[in-house]
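The following paragraphs lead from the whole chain to a single loop. Please keep the sequence and the structure in view while reading.

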Amino acid sequence: MKVGGQAIIEGVLMMGKKIVIAVRNEKGEIVKEELGKIKNKKVLKIPFVRGLFSLFYSMYFGLKGLDRSAEIATGEEMKKSETFFSIFIAIVVGIGLFVILPVFLTGLLGVKDDEFLFSLVDGFIRLGLFLLYVWIISFMKDVKRVFQYHGSEHKTIHAYENGEELTVENVKKYSTIHPRCGTNFVMIFLIVAIILFSIFGIYRPLSWVERIVIRIVLIPVVASVSYELLKLFDKFPFLRFLSFPGLLLQKLTTAEPDEKQIEVAIESLKFALEGEEPDEDVEYVG
């Protein structure tokens with residue numbers, strides 16, 4: 001089956017037959033917990049609908065896994081108010097930095113009436129801001145640890161997909177880059193957004209307010225198309241060169257893990273694969 005995962009605080013979340021986390025606590029022990037299972041798997045087979053549900057599940061369980069991993073790693077309980085506030089701030093900053101600011105900066109450059117050119121410049125500014133953001137946070141100590149766990153997740157999935165026994169030595173030899181990574185999805189999303197947003201200015205130039213509203217409202221549409229392209233690139237290897245920008249970006253979002261981090265990823269994947277027989281058509285974005 002296709003499996004996926006996410007790096008969390010001092011651990012790895014894996015999505016297989018069930019969705020689980022494995023986290024190393026302050027004592028150095030690996031704590032494993034099941035977060036849940038996806039029940040309505042039939043929805044994940046419907047083209048252009050499955051992308052939204054897959055992303056919803058990834059975000060829902062990803063946030064749940066982050067909260068729980070923080071509690072296990074630090075030994076301190078997270079308050080719901082703190083989680084809500086963090087999510088709210090993240091959404092506000094995300095919209096401000098990657099939606100409103102690019103539109104504002106593009107307008108300052110004098111691009112107004114040509115909607116395709118506006119979307120192109122706006123898209124490149126958004127991409128530049130995203131790359132700058134990832135580059136800056138990559139220097140933070142805690143983020144570096146997360147990026148290492150991200151690398152351990154990819155290496156472990158590679159080993160599993162190649163039929164290897166899940167041991168540290170077997171996992172170590174694989175790459176930290178994976179074509180089904182969520183980082184690839186982000187790059188595809190940014191490119192699809194440029195094309196789609198430009199269509200809405202064919203008949204007349206749009207105002208700044210209209211451009212911002214369109215960019216927010218169409219996020220689900222762009223996400224659906226991007227997910228289908230990601231699956232297409234993964235299904236047909238000869239198309240993977242189109243995902244090269246995303247693979248290159250993974251050089252920033254992943255790092256070589258140590259053996260202890262690989263052990264955590266292995267335990268997480270083994271735990272995720274326990275249980276009932278999977279639905280082979282279900283795929284997760286890692």
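Helices and strands are here runs assigned by DSSP, with at least four residues for a helix and at least two for a strand, numbered from the N terminus. In this predicted model, the elements follow one another from the N terminus as β-β-β-β-α-α-α-α-α-α-α-α-α-α. The radius of gyration is 20 Å, close to the 19 Å that the globule rule gives for 286 residues, so the protein is as compact as a globular protein of that length. Along the principal axes, the C-alpha trace spans about 60 × 40 × 35 Å, and 49% of the 286 residues count as buried.

How confident is the prediction? The average pLDDT of the protein is 89, and 95% of the residues score at least 70. Over residues 278–285, however, pLDDT stays under 50. Where pLDDT is low, the predicted coordinates should not be read in detail.

Attention may now turn to strands S3 and S4. These strands run antiparallel and are joined by six bridges; one of the paired residues is isoleucine 19, whose bridge partner in S4 is glycine 36. Five residues lie between the two strands of this hairpin, and glycine 28 takes a positive phi near 90°.

Asparagine 25 belongs to the loop between strand S3 (19–24) and strand S4 (30–36). Is asparagine 25 buried or exposed? Its relative accessible area is 16%, and the limit for a buried residue is under 20%, so asparagine 25 is buried. The side chain of asparagine 25 reaches the backbone nitrogen of lysine 27 at 3.0 Å. Beyond its neighbours within four places in sequence, asparagine 25 is in contact with Val31, Ile72 and Ala73.

Notes: Residues numbered from 1 in each chain as written. Predicted model: local features only at pLDDT ≥ 70, side-chain atom pairs only at ≥ 80, totals over all residues. Heavy atoms only, no water. Buried < 20%, exposed > 50% of the residue type's maximum accessible area, 1.4 Å probe, protein only. Polar contact = N/O pair within 3.5 Å; in protein donor to acceptor, adjacent residues only side chain to side chain. Contact = heavy atoms within 4.5 Å. Pairing = 2+ DSSP bridges. pLDDT = per-residue confidence, 0-100. Rg over C-alpha atoms; globule rule 2.2 N^0.38 Å.
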